[in-house]
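Please find below a colleague's note on the charged pairs of this structure and on a few of the places around them. The points are numbered so that each can be checked against the structure in turn.

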Amino acid sequence: VLEVGAVVFIAFPRQSFRGDKRAGAGQANPGADLKEGPGVATGGHRIGIPGHPGFLKLTQFHKLKTDATPVLRLHVQGLDGSPVAPEQTLYLRGAVLDTYENGEWRADFQRLPRADGDDGAADGWTPLQPSPSPGRTIVRSRVRTTALSGDLTFAPADPIRVQWPEAKFDPRGILFFATPPLSVVEYEVESALMPAEPPEKASADPAPATALQFPPGLDRVRETALRIMAGAGIGRNGRTTRLVQYLNRNGFTYTLDPFVPTRGRDPVDHFLDARAGSCVHYASALALLCRAAGIPSRVATGFQLHDPQPDGSFVVRNADAHAWVEVWFGADHGWRVYDATPGSVPDFAALREGTPVASVEGKKESEEPPKRWDQLLVDYDPTSQSQALSKAFGALGGVIRRIARAVFSPAVVAAVV
């Protein structure tokens, strides 16, 4: 029975009942004929990206982090064509989520219509928000991608205009396609980057109410935040940094193992006990610890950039998907990034000296964890079948050649194999 089962497994891949690939997954990439760079993955090649950008479940993100499929190509430069320091473009933001309940982050997006000419200049660029505050650096990004999560798209924060005839925009800095593309598209977007150094203190502008929302029943989280903050007479940056340091130390470790909280227990509460999780767990814990300490915060999702190509561009993969925290410093200073995930911030001094910087969270293709047997059972598709059979026949051919050399003369072996 086992022998027959093995033959059936090899001969019949999982094409007929896989739920994570759309029809056409094995077809050629329609973006491969574009002039610049590699094609990006299209609908059938995406695994794990949420179909609804307004939700993030803490128990499912690990599936996405083990998929090295390319999904986006990005090139960022100054308006004058000059290069941009890597520490200023480390994060490619998609959605920001501000409401936490029952192990999920969510947001209700506004999707306000924007169009070329709204600013009185019909120049092919659609303005998204008013002129940025002084001190911001304007950069231009060229993006090549397809619809990855509904109508949500990705850009360095904060996008201020996009080279589309029309767009949709949430004032929290979230950019949407007016109509999700059906194939690969290329466009440019301009963003107003924050100054590298945080302000000495936050302005007195009131924070959005959702940035301080704290769900009931998380007494353990609140007590932990108050204990960490005990005696802290420092500003908002220093207080947030102390919380980041708490999660970077004290036995917390990064893992992509499935995250299964104890039944009936909140995932963040579970994470603070288990002290092992991925970026979404670190980001969620940091955001709620901030809120418990009176620091306005939210969770941002998108990608973290690393390993630039020789031309300065980035090939972004599913495995680069990331979650981090943004803290409110007022209308002039906006939302600043804080990331508690271990190893998420590279050594920029080494990068400037030309030393290669490890991929975000150390997960290059060659460093991916091996698949468990249950993942193999689910992911064995026609491509996997072809690769497995090719390896098997190659190994069989090697065995035959070794046997032939041991029995026959070299001339006979050459004639036969």
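1. A salt bridge is taken here as a side-chain nitrogen of Lys or Arg that lies within 4 Å of a carboxyl oxygen of Asp or Glu. Please keep in mind throughout that the model is a predicted one. By this criterion R140 forms a salt bridge with E190, and the closest N and O atoms of the two are 2.3 Å apart. The pair links distant parts of the chain, for R140 belongs to strand β8 (residues 137–145) and E190 to strand β12 (residues 185–193), with their positions 50 residues apart in sequence. R140 is partly exposed, at a relative accessible area of 25%, whereas E190, at 5% relative accessibility, is buried.

2. A search of the whole structure gives 16 salt bridges. Among the residues concerned, R93, R136, D158, R298 and E326 are joined in a network of such bridges. As general background, side chains of opposite charge can pair when their charged atoms come close.

3. Which residue forms a salt bridge with D273? The partner is R220, and the closest N and O atoms are 2.7 Å apart. Because D273 lies in helix α5 and R220 in helix α3 (residues 219–229), the pair ties together parts that are 53 residues apart in sequence. Both ends of the bridge are partly exposed: D273 has a relative accessible area of 40%, and R220 is at 29% relative accessibility.

4. Helix α3 deserves a closer look. Its buried residues are V221, T224, A225, I228 and M229. Seen down the helix axis, these buried residues fall within an arc of 125°, so they line one face of α3. In general, an α-helix has 3.6 residues a turn, so residues three or four places apart point the same way. The buried residues of α3 pack against α4 (236–248), α5 and α6 (279–292), while on the other side of the helix D219, E223, L226 and R227 are exposed. After α3 comes G231, which has a positive phi, near 75°.

5. Is D266 buried or exposed? D266 is buried, yet it has no salt bridge, and the nearest side chain of opposite charge, that of R265, is 7.9 Å away. Since a salt bridge requires the nitrogen and the oxygen to be within 4 Å, this distance of 7.9 Å does not qualify. D266 is placed in the loop between β13 (253–254) and α5 (267–274), and, leaving aside neighbours within four places in sequence, it is in contact with Y100, G103 and L218.

6. R265 itself does have a partner, for its side chain meets that of D269 in a salt bridge, at 3.1 Å from N to O. R265 is partly exposed, with a relative accessibility of 27%, whereas D269, at 14%, counts as buried.

7. A last point concerns T89, which is placed in the loop between β2 (70–78) and β3 (91–97). At 4% relative accessibility T89 counts as buried, because the cut-off for a buried residue is a relative accessible area under 20%. Not counting residues up to four places away in sequence, T89 touches V76, V84, L193 and L305.

Technical notes:
Residues numbered from 1 in each chain as written. Predicted model: local features only at pLDDT ≥ 70, side-chain atom pairs only at ≥ 80, totals over all residues. Heavy atoms only, no water. Helix = DSSP H or I, 4+ residues; strand = E, 2+ residues; numbered from the N terminus. Buried < 20%, exposed > 50% of the residue type's maximum accessible area, 1.4 Å probe, protein only. Lys, Arg positive; Asp, Glu negative; His and termini not counted. Contact = heavy atoms within 4.5 Å. Arc of directions from axis to C-beta.
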